[in-house]
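User: I am new to reading protein structures and would like a close look at a single part. Could you take one sheet and describe, step by step, what surrounds it?

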Amino acid sequence: MCRKVVKSVVVLVIVAALLFIVFRNRGGQNESSLNMDGLQLVFQNDDVVFHALDEHTWVGNGHLVYNESLYIVEGEDRALLIDAGTRINDLDEIVAGITDKPVTLVLTHNHTDHVGAVCCFDQVWVGDQGGGQRFHNFNGTVNYLKNHQVFDLGNRSIEVLNAPGHTAESVVFIDETNHVAFSGDAFGSTNLLMTLDVSTFIKTADETLQMMREKGIETMYPGHFGGDNPETVERVQDLRDIAAGILSGKIEGKRKFGGMAKGVILDRTVTAEGVSFNYSHKKVR
């Protein structure tokens, strides 16, 4: 069971200010901005609202950071919980009320708006590309995901694909049978915050595009899913083209503070094809 954790007011103010800057262009940032027409509501409280994507897959949305999203993916024997929101008290109990299968928590990456309720679980899986990973107030076991690792849930398998760019440890979770994947912030939910080298993101985009085409992945559900912003082959290709233009010098981003992530100041922004690509001019290599 997980209870509220008292945090420093100063830290909360700083985090809230940075998140406001990063997401201020995205409109109303609460659950009322969700566009989940036709999806069954299965749970709602002050922290999170869950809708059914299908009878064995659910999306949860917080309302602190642009609909920060988490997903329950259920097989016949087990279930994965992908990400843990910003602040969701008793998330373990909420998930247990939606699926009766044993649940394993896995993370798309280690950012505050995706790991807030890890303390509700006794173990967590996270990408190992960023070195040792730590989580506030978590005393359980940290396991590290490997590229192409497979979680067998019972008649449903989820494969891991490394996807560095947004962060070093970012991963995508692939559900080939159902032609979907879960991409976290790897492709930005329309607003990519790119902390690594631009060339690293291009490589990630190329590998992801190849995966999507080979495995028939039609939709990737992102880390901030509002119902109307799924990520497609076209979306990933658009981001890849922007990155290639930046690297070649054909595209120059506007000087604009696009936020800070992993200690990197994102001081350039390119907006095109309905997406924003935020990066550091020092990472154009």
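Analyst: This is a predicted model, and a useful place to begin is Ile265, which is found in strand S17, a strand made of residues 264-265. Ile265 is described as partly exposed because its relative accessible area is 45%, which lies between the limits of 20% for buried and 50% for exposed. On the surface, Ile265 joins Phe257 and Met260 in a nonpolar patch, and together these residues have about 260 Å² of accessible area.

From here we can turn to the sheet itself. It is an open sheet of 4 strands, arranged in the order S13-S19-S18-S15, and its pairing is mixed. The edges are formed by strand S13, residues 191-193, and strand S15, residues 254-255, each of which pairs on one side only. Strand S18, covering residues 268-272, and strand S19, covering residues 275-279, run antiparallel and are joined by 5 bridges. To follow the pairing at the level of residues, you can look at Val270, whose bridge partner in S19 is Phe277.

A helix also belongs to this picture. Helix H5, which spans residues 233-248, lies across S13, S18 and S19, and the helix runs at about 40° to S19.

The loops on either side of the edge strand S13 deserve attention as well. Thr190 lies in the loop between strand S12, residues 180-184, and S13. Thr190 has a positive phi of about 90°, although it is not a glycine. This deserves a remark because most residues other than glycine have a negative phi. With a relative accessible area of 21%, Thr190 counts as partly exposed, since only values under 20% are called buried.

On the other side, Leu196 is placed in the loop between S13 and helix H4, which covers residues 198-215. Leu196 is likewise partly exposed, with a relative accessible area of 22%. Although Leu196 and Tyr279 are 83 residues apart along the chain, their C-alpha atoms are separated by 8.3 Å. If residues up to four places away in sequence are not counted, Leu196 touches Pro164, Gly165, Thr167, Ala168 and Lys283.

Finally, another loop offers a comparison for Thr190. Asn67 is found in the loop between strand S3, residues 57-61, and strand S4, residues 69-74, and Asn67 too has a positive phi, near 55°, without being a glycine. Asn67 counts as buried because its relative accessibility is 1%, whereas Thr190, as noted above, is partly exposed.

Note on methods: Residues numbered from 1 in each chain as written. Predicted model: local features only at pLDDT ≥ 70, side-chain atom pairs only at ≥ 80, totals over all residues. Heavy atoms only, no water. Patch = residues over 30% accessible without salt bridge, like charges linked within 9 Å, V, L, I, M, F, W, Y side chains within 5 Å. Areas by Shrake-Rupley, 256 points an atom, 1.4 Å probe, with all protein chains shown as cover. Salt bridge = Lys/Arg side-chain N within 4 Å of Asp/Glu carboxyl O. Helix = DSSP H or I, 4+ residues; strand = E, 2+ residues; numbered from the N terminus. Buried < 20%, exposed > 50% of the residue type's maximum accessible area, 1.4 Å probe, protein only. Pairing = 2+ DSSP bridges. Contact = heavy atoms within 4.5 Å. Axes fitted to C-alpha atoms, helices over the stretch in contact; angles between N-to-C directions.
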